[in-house]
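Here are some notes to read alongside the structure. Please keep the sequence and the 3D view open while going through the points.

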Amino acid sequence: MDNICNESWARSRRPGPERVLQFGEGRFLRAFATRMVDEMNEALEMDWGVCVVQPRPGCGVEALNRQDGLYTVWLRGMGEHGPVERLRLIRSVTRGLDPYRDFEGLMACARSRDLKVVVSNTTEAGIVYRPEDRLEDAPPLSFPGKVTRLLWERYQAFHGVGGGLIFLPCELIEHNGDALLDCVRRHAAAWALGEPFLRWLEEEHIFANTLVDQIVTGYPEADADAAFTRLGYRDALLDAAEPDSLWVIEGPDTLPAQLPLAQAGCPVVFTRDVEPYRLRKVSMLNGPHTAMAAVGLMAGQDTVGDCMGDPALKAMVEALLFREIMPAMGLEQEREFAYKVLQRYRNPYNRHMLASIAMNSASKFRARLLTPLKRFYAGTGRLPRLIVLSMAALCALYGQRRAAISEDAAILNAFAPRAGEGYACRTRRLLADGSIWGEPLDKIPGLAEAVGRDLEAVEQRGMARALEAAMEEARDA
């Protein structure tokens with residue numbers, strides 16, 4: 001059986017000009033944004049090409065280039081009438097670009113009149129201002145630094161007239177488009193790019209706040225060969241995902257015509273206010289995911305499906321969702337969405353690894369569970385029992401299994417237990433560290449003590465017994 005890049009028929013319809021610059025070569029964007037561009041090309045007979053840019057040093061785009069930009073998305077799930085399944089060859093990618101090896105290639109994209117859209121997914125920690133970045137860096141290390149350098153190149157090429165781009169950041173932070181624009185403004189000021197550049201930045205470009213929703217599990221190790229048999233070729237980048245997806249894009253009324261994804265039948269919603277969609281999704285889908293990752297890993301589980309197949313963990317997820325998150329966030333009326341979330345968690349086809357969800361868990365906890373924790377306390381005068389347990393599980397996970405977790409080194413070092421440090425002192429120190437949580441949390445009454453007790457229970461008696469005790473207390477509350 002040939003590899004995908006040897007299939008001559010796969011090249012029969014290739015993308016045209018590079019209309020999209022995509023920062024992020026990972027499985028999510030490949031199954032989500034790139035797939036939608038591919039579907040738009042087919043439905044509307046368009047030829048938008050996607051140039052995939054590697055956002056960090058390494059060898060991220062090499063595998064994509066080895067396959068001539070081709071790969072397959074495998075959508076699998078359970079619908080109302082049984083299994084739903086679709087294999088789609090993605091042909092919209094023109095190439096993968098490593099700006100650390102080919103900086104001029106990135107600058108050539110910046111100067112291109114074909115370019116229309118910039119998509120990104122650089123994790124929740126990706127949209128940050130890094131003062132160490134310099135205009136002369138080739139490239140700047142941070143994603144906003146790269147964007148600013150790209151826009152400066154474009155500004156000069158267009159002589160400050162036209163050339164506006166649509167930025168669609170997919171990072172799971174609030175107001176992601178506003179946050180990216182703010183970082184670009186700060187770099188422009190620090191690099192003394194001038195008022196004309198800032199006016200061009202504000203007037204010509206759209207930095208859209210977005211929300212993305214799709215569970216993408218990546219390469220399906222267990223059953224890839226079955227897919228290859230059906231496809232007739234092997235694909236090292238086979239990307240498995242659930243069929244449910246949604247892309248909510250906040251922007252001006254002109255945006256749907258500029259970006260005709262919805263017209264092509266893609267699950268895209270254009271809106272003037274993304275916040276209601278974001279609140280529901282981040283709280284009810286992502287929040288339990290983050291809690292489940294830490295608790296599940298400490299309980300010895302590997303996947304979301306494993307957790308939903310374990311009666312104790314399944315009960316925890318349901319109680320967390322219905323009794324803590326939804327009341328705290330004023331989402332009690334969203335029960336239909338909640339049941340859909342639980343159905344998606346139980347999708348038997350998606351092997352969603354907890355270790356993957358646990359990547360950058362500190363920033364995810366901050367974005368997904370900290371607000372429900374604070375609102376629950378403000379509304380009831382009590383701490384949310386299961387959110388507290390998930391925080392303790394995160395502290396235990398980062399303290400015991402640091403080598404296996406993808407996280408900023410400084411944050412991992414902060415979680416490391418200190419010699420002679422008791423649990424109460426350890427959690428007070430951690431909660432007082434605003435660099436971890438975005439703000440000091442040691443002033444929330446009783447939180448450090450409650451997390452300390454759970455942390456001791458997890459590390460001394462095991463996750464199963466700690467969970468059992470927490471669930472009993474949650475039922476009695």
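1. Does Cys170 count as buried or exposed? The model is a predicted one, and in it Cys170 has a relative accessibility of 2%. Buried means under 20% relative accessible area, so Cys170 counts as buried.

2. Where Cys170 sits is worth finding in the 3D view. Cys170 belongs to the loop between strand E7 (166–169) and helix H6 (176–190). Leaving aside residues up to four places away in sequence, Cys170 touches Leu29, Val119, Ser120, Asn121, Asn176, Thr210, Val212 and Trp247. The sequence alone would not show how Cys170 and Phe28 are placed: they are 142 residues apart along the chain, and their C-alpha atoms are 9.8 Å apart in space.

3. Next, the protein chain as a whole. The secondary structure comes to 22 helices and 13 strands. For 477 residues, a compact globule would have a radius of gyration near 23 Å, and the protein chain agrees with this, since it has 23 Å. The C-alpha trace spans about 65 × 55 × 45 Å along its principal axes.

4. Burial and contacts can also be stated for the protein chain. Of its 477 residues, 56% are buried. Among contacts with a separation of 6 or more, 75% are between residues 24 or more positions apart. The exposed area of the protein chain is about 19400 Å², and carbon and sulfur atoms supply 48% of that area.

5. One sheet deserves a closer look. It is an open sheet of three strands in the order E9-E12-E13, and its pairing is mixed. Strand E9 (209–213) and strand E13 (268–271) stand at the edges with a single partner strand each, so one side of each has no neighbour in the sheet. On average, and ignoring direction, neighbouring strands of this sheet are turned by 10° against each other.

6. The mixed pairing can be followed strand by strand. E9 and strand E12 (residues 246–250) run antiparallel and are joined by five bridges. Across this pair, Leu211 stands opposite Val248, and Thr210 stands opposite Ile249. E12 and E13, in contrast, run parallel and are joined by four bridges; here Glu250 has Thr271 in E13 as its bridge partner. Four of the five residues of E12 are buried, so E12 is largely enclosed by the rest of the structure.

7. Another strand pair is a hairpin. Strand E3 (residues 71–79) and strand E4 (residues 82–90) pair in the antiparallel sense, with nine bridges between them. Two residues make up the connection in the hairpin that joins E3 to E4. Within this pair, Met78 stands opposite Pro83 in E4.

8. Last, a helix. Which residues of helix H19 (residues 423–431) are buried? They are Tyr423, Arg426, Thr427, Leu430 and Leu431. Seen down the axis of H19, these buried residues fall within an arc of 120°, so they line one face of the helix. The spacing can be understood from the geometry of an α-helix: there are 3.6 residues a turn, so residues three or four places apart point the same way. The buried residues of H19 pack against helix H17 (385–400), helix H18 (409–415), helix H20 (434–437) and helix H21 (447–461).

Note on methods:
Residues numbered from 1 in each chain as written. Predicted model: local features only at pLDDT ≥ 70, side-chain atom pairs only at ≥ 80, totals over all residues. Heavy atoms only, no water. Buried < 20%, exposed > 50% of the residue type's maximum accessible area, 1.4 Å probe, protein only. Arc of directions from axis to C-beta. Contact = heavy atoms within 4.5 Å. Pairing = 2+ DSSP bridges. Axes fitted to C-alpha atoms, helices over the stretch in contact; angles between N-to-C directions. Rg over C-alpha atoms; globule rule 2.2 N^0.38 Å. Areas by Shrake-Rupley, 256 points an atom, 1.4 Å probe, with all protein chains shown as cover.
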